[in-house]
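User: Please take a close look at one part of this protein, the place where aromatic side chains come together, and then work outwards from there to the charged and nonpolar contacts in the rest of the fold.

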Amino acid sequence: MRLVTYQAPGGARVAAVRDDGLVDLCEADSRLPSCIKALLAQGPEAIGRAAAAMRSAAAIPRGSVKLLPPVPGPQKVICVGANYADHARESGVRPPDEPILFSKFPTAVRADGDDIVLPAVSSEVDYEAELVVVIGAGGRHIPREKAFEHVAAYACGNDVSARDWQLRKPGNQWLLGKSFDSFAPFGPELVTADEIPDPGNLEIQLRLNGQTMQHSSTKHFIFPIDVLIAYVSQVCTLVPGDLIFTGTPEGVGFARKPPVFLKPGDDVEVEIERIGILRNRVVAES
Ligand code: ZN
């Protein structure tokens, strides 16, 4: 099943995607929550109930509503650095022996179709195609063998990065360089985990104005999803709706010769096999 969050008059509501439009799940079955985080928290049983409810309910035309980020206001946006060996090499770092984790502020999230806004204070904004893991059941100290029980869904993501802030501010400001508003678009939809039996073997691509800039497979992860979940949950409690951006393959702009950075008017597409295409346009800060 594919899930989105849309702006209803009373606030954000979760809907399932059907061929003829969107089905508001709480309207289709009042036992279902109206909020994506609550739905994800309820686990596979609620997803199954939602799948049954969406078949008979009336659909809302997709173009008639504003889509919000699939998880609006996630509590945590966790990111993995250098998780593909080819990208580590192009960035001039040795493939790590242990996961490199950092974070983005949740205010950076955006939906499919929203603009990526180039901040006036950066001239080196770059793209990174990434598979996003969405946490369902929360937990701490999750063992690797149970990690996938905590994964509710997947999405395409773009870990937009201001390289001048990330790499050349005092102390290397990864948090700030990755956290400008609009630097975490993801979507277009959440695809529930039952539809993605092998997330560690998905083709992933990024196109800039139609030209392929990154093309790889999640089979090249250095640290697979279950290892990442076990690792980070040693430190913090994962909660429903937390996002994990799992790292990007080679082909990013700053490692090219000459470098390629995003400019106003650019169209960026992240496509992941079985998941979809995330499209965002680049605009200057006004
Ligand atoms: Zn990244």
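Analyst: Trp-165 and Phe-180 are both buried, and in this predicted model their rings form an edge-to-face aromatic pair, with 5.3 Å from centre to centre and 90 degrees between the planes. Trp-165 belongs to helix α5 (residues 163-168), while Phe-180 sits in the loop between α6 and β13, so that the pair links parts of the chain 15 residues apart. Phe-183 joins these two residues, and ring pairs link Trp-165, Phe-180 and Phe-183 into a cluster.

The structure holds four aromatic pairs. Another of them is formed by Tyr-84 and Phe-221, again edge-to-face, at 5.4 Å centre to centre and with 65 degrees between the planes. Here the two partners are 137 residues apart, Tyr-84 lying in the loop between β5 (77-81) and α4 (85-90) and Phe-221 in the loop between β15 (211-217) and α7 (225-232). Tyr-84 counts as buried because its relative accessibility is 0%, and Phe-221, with a relative accessible area of 11%, is buried as well.

The loop between α6 and β13 that carries Phe-180 also carries Lys-178, whose partner Glu-128 lies in the loop between β9 (125-126) and β10 (129-135), so this pair ties together parts that are 50 residues apart in sequence. The contact itself is a salt bridge between the two side chains, at 3.4 Å from N to O, and both Glu-128 and Lys-178 are buried. The pair does not stand alone, since a network of salt bridges links Lys-104, Asp-126, Glu-128, Asp-159, Arg-163 and Lys-178.

Two members of that network, Glu-128 and Asp-159, are also protein donors of the zinc ion, together with Glu-130, and these donors lie 1.9 to 2.1 Å from the metal. Along the chain, the donors follow the spacing E-x1-E-x28-D. Glu-128 has a relative accessibility of 4% and therefore counts as buried, and Glu-130 is buried too, with a relative accessible area of 0%.

Across the whole structure there are 20 salt bridges. In one of them the side chains of Arg-2 and Glu-189 meet at 3.0 Å, N to O; because Arg-2 lies in strand β1 (residues 2-8) and Glu-189 in strand β13 (residues 184-192), this pair ties together parts that are 187 residues apart in sequence. Arg-2 is partly exposed at 24% relative accessible area, whereas Glu-189 is buried at 8%. A further salt bridge joins Arg-94 and Asp-97, whose closest N and O atoms are 3.4 Å apart; Arg-94 counts as exposed at 63% relative accessibility, and Asp-97 is likewise exposed, at 62%.

The nonpolar contacts complete the view. In soluble globular proteins, nonpolar side chains tend to be buried together. In this model the largest nonpolar core has 76 residues, and those with the most contacts inside it are Leu-3, Leu-25, Phe-186, Leu-190, Ile-229, Leu-243 and Ile-275. Domain 1 (2-68) and domain 2 (77-284) each contribute at least three residues to this core. Apart from it lies another core, of eight residues, including Val-4, Tyr-6, Ala-15 and Val-17. Returning to Ile-229 in the largest core, and leaving aside residues up to four places away in sequence, Ile-229 touches Ile-135, Ile-142, Ala-147, Val-151, Leu-238 and Ile-244.

Methods: Residues are numbered from 1 along each chain as its sequence is written. This is a predicted model: local features need pLDDT of at least 70, side-chain atom pairs count only at pLDDT 80 or more; totals for chains, interfaces and linings use all residues. Side-chain values use heavy atoms; hydrogens and water are left out. Donors are N, O and S atoms within 2.8 Å of the metal (3.2 Å for Na, K and Ca); water is not among the atoms, so sites may look incomplete. Buried means under 20% relative accessible area, exposed over 50%, partly exposed in between (1.4 Å probe, protein chains only). A salt bridge is a side-chain nitrogen of Lys or Arg within 4 Å of a carboxyl oxygen of Asp or Glu. Helices (H or I, at least four residues) and strands (E, at least two) are DSSP runs, numbered from the N terminus. A nonpolar core is a set of buried Ala, Val, Leu, Ile, Met, Phe, Trp, Tyr and Cys residues joined through side-chain atoms within 4.5 Å. Domain bounds come from an automatic or database domain assignment. Contact means heavy atoms within 4.5 Å. Rings of Phe, Tyr and Trp (its six-membered ring) pair if their centres lie within 6.5 Å; planes under 30 degrees apart count as stacked, over 60 as edge-to-face and the rest as tilted.
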